[in-house]
Amino acid sequence: MSGYVNLFSFLNICNSYVFKKGDNIMQNTISQNNTTFTERNTERKKKRNSIRFTDLSIKHLKPNTKRTIFWCKGITGFGIEVSPKGSKTWIYQFRINNNERRMILGKYPRISLAEATQKYGELKTSVQMGIDPLFEKNKEKRKEQEELTISQLVDLFLEHSKKSGKKSYKTEERELKKDLVPIFGNRKISDVEPKELAKMFHHIIVVREAPGAASHLYSYVRRLFNFSAEMGLMRKRDNPCLDINLKIKKNRRQRHLNPEEIYKFWHTLDKIEMASISRLGLRFLLCTVARSNEVREMKWSHVDLNSRIWTLPTSKNGRMHRVYLGDLAMGILKEAREYTDGKGYVFGSTGKISTCGIDKKNLEKLCGWAFSQPIRRHFNMFDIEERFYPHDLRRTGATMIAGLFGRRDFATMALNHTNKDATDVYDQYVYDVEKKMTLNALNKAIALIVNSPNIESVPTFDNLRESIIQNPNVPNSHQGRKIDTPMAFQASFSNLVSYKLSYAHDELEIPI
């Protein structure tokens, strides 16, 4: 009896398995039939609306009450959709990864039949290679939405320059926001074309007649796009400035003042309407061959009046620089102390001529045009033929130093320039002794010029050199010989230069 029961149970299990499998087979068959039916229905609609695409047939397509798609005979997936209002749109329908996609190619007649056919061919090739053109299009669209505008890029660039301690960021901010942002501010980075930038530079060169400003702006814009590439916002080879050549000939300025012009410059400053602290700063430029921005940013905390040393913690070349203060320079600082109370900026200002020397608190450094503007406005009062600028005073001092000693390297040391050679890496001597000697001689030469009774009695350069360098009564502090040639000042191991980083002022006095 138990054997019949077991056989009956086994038969029930088999029946249930057969029925379940049959149901699954039936469901799969129905699903496949539905899919086949849908595909067949779609194909029937395509065949029903298939026409031969010609310019004439596309032009005469009539709208219906519903959107209608007309497919091109002989070309799979290429069609044109006609709206109830008569608008016609080229489409491409394709299947990729078992998903049916539809992509818009453009509006007719803005996109002609020939252009739409070409686009279709390019997209079909991508699909055959396994690339989804619709996904790539959406990806580019998202990228475009996330892309910064030029105005946003400029703000990011200036913030980076400021936080990294770049001294020229204010100049870059002024020029970029004055010329670039008003024209391209709302444009995306990738939308800026070289020809558009070239047009802007051309306007500055030709209309404004400012080739120098165009050259500087070109440098700032090129730097801006390089920064964009470094931040991963674009490819470096896509920098639009790479295809632009301004063809501006750079003229190296050679303007320097001769002794008579130095006399006129020094004494005419007292007749010009300008802030007294700016007047002192201009004279200080000549006596120290320093840069204008270094003088404007000079602080009393950087000056050791007892040692007569002005220390620049960092200079343009990234190195510390010490400047010896000659007699004229010390006299100027003594006057400047009365205007700034010996605190904060040496040549600090209130920004107003009327309050200069009266209000001595919360003084700001002189603005960028504090030295150049008075000279430009009142140039005729100097009675000098060729125009000069504040930076030419630095060139004047360097020329006098080189001429007095017959040594260009002495001028290089005073200017704090570096020699781009292998020796510069190994030579870490600071040349303090030589700097003191050269700047002391420069101050004495300027004093001989400006203290002359009148313009007619100003000594020539040869007389200056003879009075300061070739004076037989001046002992040589290095070797105990008479100074009868500038070569006696040569700093080398053979001349037994003492390598010390502090100044020995008494040893290097060069009396007249």
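Here is a short conversation about a predicted model, covering the chain as a whole, one arginine, one helix and one pocket.

User: Glad to start broad: how many helices and strands are there, and what share of the chain counts as buried?

Analyst: The chain has 18 helices and 8 strands. Of its 512 residues, 41% count as buried. As for contacts between residues at least 6 apart in sequence, 56% join residues at least 24 apart.

User: Why is R255 called buried?

Analyst: Happy to walk through that one. The relative accessibility of R255 is 6%, and buried means under 20%, so R255 counts as buried. R255 sits in the loop between α8 (211–230) and α9 (259–268).

User: What makes the approach of R255 to E386 a polar contact?

Analyst: A polar atom of the R255 side chain lies 2.9 Å from the backbone oxygen of E386. The cut-off for a pair of N or O atoms is 3.5 Å, so 2.9 Å falls within it. The R255 side chain also reaches the backbone oxygen of R387, at 3.3 Å, and that value is within 3.5 Å too.

User: Which residues is R255 in contact with, leaving aside neighbours within four places in sequence?

Analyst: They are E261, I384, E386, R387, F388, D392 and R395.

User: How do you know that the span of α10 is close to what is expected?

Analyst: Helix α10 covers residues 276–288, 13 in number. From first C-alpha to last, α10 reaches 19 Å, and 18 Å is expected at 1.5 Å a residue. Set side by side, those values are close.

User: What makes α10 mostly covered?

Analyst: Of the 13 residues in α10, 12 are buried, with buried meaning under 20% relative accessible area. Among them are I277, R279, L282, F284 and C287. Just after α10 comes V289, with a positive phi near 50°.

User: Let's turn to the second largest pocket: how much space lies there, and which residues are closest to its centre?

Analyst: About 620 Å³ of space lies in that pocket. It is lined by 25 residues, and M413, D424, D427, Y429 and Y431 are the closest to its centre.

User: Which elements supply at least two residues of that lining, and which gives the most?

Analyst: β8 (321–324), α15 (408–415), α16 (422–426) and α17 (432–450) each supply at least two. The most comes from α15, with 4 residues.

User: How many residues of the lining of the second largest pocket are nonpolar, polar and charged?

Analyst: By class, that lining has 7 nonpolar, 9 polar and 9 charged residues.

Notes: Residues are numbered from 1 along each chain as its sequence is written. This is a predicted model: local features need pLDDT of at least 70, side-chain atom pairs count only at pLDDT 80 or more; totals for chains, interfaces and linings use all residues. Side-chain values use heavy atoms; hydrogens and water are left out. The expected span of a helix is 1.5 Å times one less than its number of residues. Buried means under 20% relative accessible area, exposed over 50%, partly exposed in between (1.4 Å probe, protein chains only). On a 1 Å grid over the protein atoms alone, a cavity is a set of points where a 1.4 Å probe fits but cannot get out, and a pocket is an open set with protein on both sides within 12 Å along at least five of seven lines; lining residues have an atom within 4 Å of a point. Grid points are joined across faces, edges and corners, and a volume is the space filled by probe spheres set on the points. Ala, Val, Leu, Ile, Met, Phe, Trp, Tyr, Cys and Pro count as nonpolar, Asp, Glu, Lys and Arg as charged, and the others, Gly among them, as polar. A polar contact is a pair of N or O atoms within 3.5 Å; within protein, one must be able to donate a hydrogen and the other to accept it, and residues adjacent in sequence count only if both atoms are side-chain atoms. Contact means heavy atoms within 4.5 Å.
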